[in-house]
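Dear colleague,

Please find below the structure that I am handing over to you, together with its sequence. My notes on what was found in it follow directly after.

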Amino acid sequence: MYTYSDPNAEAAKAINDYALTPGLAARTCTHRTDGDGTVLRVDGAFYRDNNPDAPVPRNGAPRLEDQMVAIEFKTGGKSNDPFPDDGDTCAEMPSRKEALRQIVTYAEQTFTVQHRTAWFLLFVNGSQCRIIRWDRSGVVFTHSFDYCIGWQLFCEVLWRMSRCSDEQLGLDPTARRIHRSDPLYKMMDKMAKKRRSDLDHNLVDAIIPLDKYPPSRPVIYKYVRALFKTSLSRNAPRYILNVPDGDKIRQYLVGRPIFVAKGALGRATLGFAALDRETRQFVWLKDCWRVDYPGVEPEGKILRELNRAKVPNVPTVVCYGDLLGQKTVSPETWGWAAKLASKDSNSKVNLAVRTPGQLRKVSTAGDDAATLAPTFNTNRSLRLHQHARMVVEEIALPLRDFKSGLDLLTVIHDCLNAHSAAVREPTSRLHRDISGSNIMMIPKFIREDDGGFIVLRGLLCDWELSKRIDSTRPRAPRQPVRSGTWQFMSATLLNHHDKAAEICDDLEAFFHVILYYAVRYLKSNLTQKQVGEFIDEYYDQFQYYDKWRCGQRKQAVLQSGLLLTGDPINITFGSPMDGLFATLLPWFQGNHIVQEYKASLEEASSPNSPTVVFSLPPAQPHALFHKRQRLLFGSSKKRRRADSAGTDDSFADDSSTDDSEFDDDLYNPSADVASPSASQLRARAPTAEESNNAAKVQTHKAFMTTIKRLCRGTKAAYWPHDRDPSGDRYPKDKTHGGID
């Protein structure tokens with residue numbers, strides 16, 4: 001006899017009792033977590049009932065890694081249905097948006113845990129139901145129908161679903177689960193164990209005996225093995241992933257992804273600390289759904305080109321390729337529906353897209369979208385995405401792990417060096433997505449006669465959105481929206497969406513990266529509350545009048561050339577950082593004014609503090625300090641070229657020009673910085689001085705030389721301990737934009 005205390009469980013029981021889905025068992029998920037910290041789970045799911053390595057759960061646990069098709073139950077009514085049908089006038093109800101937000105979260109969680117090309121959801125809303133299919137471009141859903149009246153249709157849908165293969169239900173055939181009974185499972189555990197020979201990357205001030213690390217022996221850093229071990233923790237599902245390598249396939253063993261791009265839609269980048277099945281070397285595996293437009297090249301192909309051109313400080317590609325037959329189908333489906341709708345004026349087509357206010361990459365190729373509900377727009381189609389994988393040698397550290405302002409600038413200098421080399425022949429390539437997450441750190445073990453030592457180098461990553469610079473042809477857009485990460489894009493690109501990106505735009509993005517990490521992680525005269533307010537205002541806010549535009553705080557800083565908060569307080573760091581910003585700000589101020597004036601002519605329209613000075617105790621330079629800084633930046637009199645003692649060209653500055661024209665007195669810790677109020681300037685003709693300043697950021701020379709002069713010699717040796725003891729000064733009770 002049935003009891004109706006749990007109607008969801010009764011529905012699942014009825015499906016099983018009447019064998020409506022042979023080969024699949026329906027279960028409700030009464031536990032809201034799998035023990036991995038995630039608390040939001042679907043109400044139920046279908047599982048394969050014939051897999052001995054993954055038995056059907058009996059205790060109400062979601063077992064997300066084993067779910068084939070998800071089930072969501074609602075109590076009924078339009079207010080609980082996230083998707084509107086034809087003639088539905090209640091699409092914008094808050095409860096419907098919340099229901100959609102919930103389903104987006106389910107999709108995002110499933111895509112993170114399982115390797116899928118698509119995700120299916122049976123949505124049951126009272127006596128109504130619909131089938132929903134997600135891929136990385138968007139969502140396709142059936143009309144809602146009454147399964148009590150149309151029970152025959154409902155039963156046939158369930159039966160057809162049960163007859164589908166794993167691949168037809170959205171599982172990726174190029175990813176195979178590794179279960180506990182597989183010998184590879186034990187091999188992964190063995191490779192994750194600590195070894196005495198692993199090197200600590202933090203030993204930057206130590207002389208390391210060369211006999212422990214001969215050239216024939218690859219150096220494995222402790223953090224690399226620790227990352228791999230972390231990916232295997234908490235019973236994370238393990239996989240063998242296939243990666244194309246020309247006409248053959250290479251296989252890599254992975255656990256849980258180390259990096260997960262937020263959002264159910266978009267490029268959906270996953271980053272893994274992976275183990276080469278054949279060589280047993282640790283590598284970085286990037287899995288993503290790249291934008292598939294004519295002229296948009298795979299990142300692996302771009303990196304291979306940069307590697308062959310010996311561009312320094314970029315990842316070293318091992319293998320890469322597209323996974324055949326794995327393109328998103330939502331764009332084609334919506335395009336077909338839109339054509340039908342255009343023939344029927346009474347039909348309403350709803351295209352799920354995201355608005356700038358809902359994205360971390362607000363105006364990007366679709367990566368790292370915040371987990372928010374999409375809106376509906378009938379005027380834009382969905383992007384086509386192609387599933388691809390790439391493997392590189394380097395497993396890098398995030399930029400937030402830098403130890404001091406000196407380390408931060410050293411890493412930025414390396415990435416500027418990479419950027420400078422890439423824009424020159426033969427590659428002639430502009431990155432166009434400079435952001436904090438695309439600038440990484442990598443330890444390098446340097447061998448010299450008297451021993452080895454470690455230096456931290458910069459690594460400029462994520463070249464997928466890069467574009468060739470061709471002065472002989474007009475630079476037409478390859479995608480329907482702007483490429484880049486909103487928080488770090490230049491103000492001119494944010495204000496003028498049709499403007500082609502230039503070198504000065506990427507250099508301004510580097511400036512915004514330095515400022516972000518300095519304000520967030522270094523000591524300054526700001527309180528923690530003021531740090532949070534400034535970051536929110538400068539990086540996350542935007543203006544809207546006729547279109548999305550740059551936020552007021554970033555605009556005000558660039559227009560005035562003053563590093564002011566909204567209070568206003570002039571931001572100071574009590575370190576050489578003050579000299580850096582005092583030098584760079586007038587250059588980017590001039591560039592902003594010049595660029596806005598040019599854009600206003602083209603568009604025929606105009607876009608519409610106490611100083612706290614404190615000193616920090618200087619650090620005594622270690623014996624290795626001057627050697628390391630000379631290796632990184634050369635001597636003050638003569639450029640130091642890489643020698644045969646284990647270094648390469650990537651350790652040398654790319655500029656052989658004399659830097660004597662640039663001010664060497666960039667840091668005077670006793671000097672106060674004036675704090676006049678910022679003014680909102682409209683587009684106007686630049687002065688001669690502003691034009692001269694703007695010219696300094698049309699190439700890399702001035703920017704790189706300024707950093708180089710701060711990072712070598714006496715000034716660098718006595719750079720203060722300026723990393724804030726708290727580690728992160730952004731308030732822990734605040735969230736913003738998705739930047740780490």
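On one side of helix α15 (helices being DSSP runs of H or I, at least four residues, numbered from the N terminus), Ala688, Glu689 and Asn692 are exposed, where exposed means over 50% relative accessible area, buried under 20% and partly exposed in between, with a 1.4 Å probe and protein chains only. The buried residues of this helix, which covers residues 688–695, are Glu690, Asn693 and Ala694. Seen down the axis of α15, these buried residues fall within an arc of 100° (taken from the directions from the helix axis to the C-beta atoms), so they line one face of the helix.

Before you go further, please note that this is a predicted model, in which local features need pLDDT of at least 70 and side-chain atom pairs count only at pLDDT 80 or more, whereas totals for chains, interfaces and linings use all residues. Residues are numbered from 1 along each chain as its sequence is written, and side-chain values use heavy atoms, with hydrogens and water left out.

As for the nonpolar cores (sets of buried Ala, Val, Leu, Ile, Met, Phe, Trp, Tyr and Cys residues joined through side-chain atoms within 4.5 Å), the largest has 110 residues, of which Ile439, Phe510 and Met577 touch the most other members. Helix α10, residues 503–521, gives this core its largest share, 13 residues. Leaving aside residues up to four places away in sequence, Phe510 is in contact (heavy atoms within 4.5 Å) with Ile412, Cys415, Leu416, His419, Ile434, Ile439, Leu460 and Phe703. Another core, of 25 residues, lies apart from it and includes Ala25, Val42, Ala70 and Leu100.

Turning to the rings, a search of the whole structure finds 20 aromatic pairs, a pair being rings of Phe, Tyr and Trp (its six-membered ring) with centres within 6.5 Å, called stacked if the planes are under 30 degrees apart, edge-to-face if over 60 and tilted for the rest. Tyr221 and Tyr223 form a stacked pair, at 6.1 Å centre to centre and 25° between the planes, and both residues are buried. The ring centres of Tyr538 and Tyr539 are 4.7 Å apart with the planes at 50°, so this pair is tilted. Tyr538 is buried, at 1% relative accessible area, and Tyr539 likewise counts as buried at 1%. One aromatic cluster is formed by Phe402, Phe488, Tyr516, Tyr517, Tyr521, Phe534, Tyr538 and Tyr539.

Finally, Arg723 lies over the face of Phe402, at 4.8 Å from the ring centre, the criterion being NZ of Lys or CZ of Arg within 6 Å of the ring centre and within 35 degrees of the ring normal.

With best regards

Methods
Helices (H or I, at least four residues) and strands (E, at least two) are DSSP runs, numbered from the N terminus.
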